[in-house]
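Okay, thanks for making time, everyone. I'd like to walk you through one model today, mostly by way of what sits inside and what sits outside. Let me put it on the screen.

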Amino acid sequence: MFGLDDKMTEYLQLAIGLACIVIVGLLLIKIILRITKKTLKKTTLDESMHVFITSAAKIVLYILLIVVILGYMNVPIAPLVTVLGAGGAAIALALKDSLGNIAGGIIILANKLFKKGDVIEVGGQEGIVDNIDLFVTTLKTYDNKVVTIPNGTMTTSVIVNYSKEETRRVDCTFGISYESDIAKAKDVLLAVTEVCPGILKQPEPFVGVGEHQDSAVRLDLKVWCETADYYNVKYFLTEQAKLAFDEANITIPYPQL
């Protein structure tokens, strides 16, 4: 009887100790994660990076808790570590593409190549960055299509970020006939820039002869604007230049057969 009571007491103490370790461990994990989140909010890291760091910290803390529990229960940890290491190597080999995407996601977030809301072009696809996670980056095109690009592809491609700088240059080209007055056409274009909302005064708008084409003289118009105003300025100039040329009797030629 005494032996049985001793055994029950031992099991009871083990259960109580295990329960205390689990409760205290979970409480510590919750506190550490809360502190981590508060600390990350004070940094300049992207919000997607916050999620990754918090998730990674959570996994590591739970693994440590499991190791402590196994050690308390006198379970040999070395064989388990060996098995996990071998299994991890096999999983890493099978998921090398996914791991490459995760590495790409970390590179994007850590180096701040772009952020949510930026207009970027990559691999011939242009759109607004809608979401960045560890595996893929999601773009929304201007006609509301959703483009999903693996992060591994993103980091090995040329990325053009149109929103990185506060200002952007608008380049427009116009063809006029060889019979038209070039100086007059340049004055007309500059007059259009003066009434165009959004164009910056500095650097000043510039008009120059870009090329002598087969049936036209190409004029290049270059103006600067805020990045957010780019398309409004471009469409305004394209439309108003045509109307102004018509009013000034400047001919815009077209190929004839």
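Let's start at phenylalanine 245. Setting aside residues up to four places away in sequence, Phe245 touches Phe174, Ile176, Ala185, Val188, Leu189, Ile250 and Ile252. Before I go on, a reminder that this is a predicted model.

So where does that phenylalanine belong? The largest nonpolar core has 24 residues, and Phe245 is among the three that touch the most other members, along with Val233 and Leu237. Four elements give two or more residues to this core: β6 (167-176), α6 (182-195), β8 (217-226) and α7 (230-247). The largest share comes from α7, with 6 residues. Apart from that core there is another one, of 11 residues, including Leu109, Val129, Val147 and Ile149. As a general point, nonpolar side chains in soluble globular proteins tend to be buried together.

Now let's stay with α7 for a bit. Helix α7 has 18 residues and spans 26 Å from its first C-alpha to its last, close to the 26 Å you'd expect at 1.5 Å a residue. Its buried residues are Tyr230, Val233, Leu237, Ala241, Ala244 and Phe245. Look down the axis of α7 and those buried residues fall within an arc of 95 degrees, so they line one face of the helix. The background here is that an α-helix has 3.6 residues a turn, so residues three or four places apart point the same way. What covers the buried residues of α7? The cover includes β6, α6 and β8. Swing round to the other side of α7, and you find Asn232, Tyr235, Glu239 and Glu247 exposed.

There's a salt bridge on this helix too. Lysine 242 and aspartate 246 both lie in α7, 4 residues apart, which is about one turn of the helix. Their side chains meet at 2.6 Å, N to O. Lysine 242 is partly exposed, at 40% relative accessible area, and aspartate 246 is partly exposed at 40% as well. And just after α7, asparagine 249 takes a positive phi of about 60 degrees.

How many salt bridges does a search of the whole structure find? The search finds 7. Arginine 169 pairs with aspartate 171, with the closest N and O atoms 2.8 Å apart. Arg169 is partly exposed at 37% relative accessibility, and Asp171 is partly exposed at 33%. Those two are linked with Lys222 in a network of salt bridges. Elsewhere, aspartate 143 bridges to lysine 145, with the closest N and O atoms 3.7 Å apart. Aspartate 143 counts as exposed, at 53% relative accessibility.

One more residue, and this one is on the inside. Methionine 154 is in helix α5, residues 151-155. Buried or exposed, what is methionine 154? Met154 is buried, with a relative accessible area of 0%. Leaving aside neighbours within four places in sequence, methionine 154 contacts Ile108, Phe114, Ile120, Val122, Thr137, Ile149 and Ile159. Its C-alpha is 9.9 Å from that of isoleucine 107, 47 residues away along the chain.

Let me zoom out to finish. The protein chain has 7 helices and 8 strands. Of its 257 residues, 28% are buried. Take the contacts with a separation of 6 or more: 63% of them are between residues 24 or more positions apart. The accessible surface comes to about 16900 Å², and carbon and sulfur atoms account for 63% of that.

How values were computed:
Residues are numbered from 1 along each chain as its sequence is written. This is a predicted model: local features need pLDDT of at least 70, side-chain atom pairs count only at pLDDT 80 or more; totals for chains, interfaces and linings use all residues. Side-chain values use heavy atoms; hydrogens and water are left out. A nonpolar core is a set of buried Ala, Val, Leu, Ile, Met, Phe, Trp, Tyr and Cys residues joined through side-chain atoms within 4.5 Å. Buried means under 20% relative accessible area, exposed over 50%, partly exposed in between (1.4 Å probe, protein chains only). Contact means heavy atoms within 4.5 Å. The expected span of a helix is 1.5 Å times one less than its number of residues. The arc is that of the directions from the helix axis to the C-beta atoms. Accessible areas come from the Shrake-Rupley method with a 1.4 Å probe; for residues, only the protein chains shown count as cover. A salt bridge is a side-chain nitrogen of Lys or Arg within 4 Å of a carboxyl oxygen of Asp or Glu.
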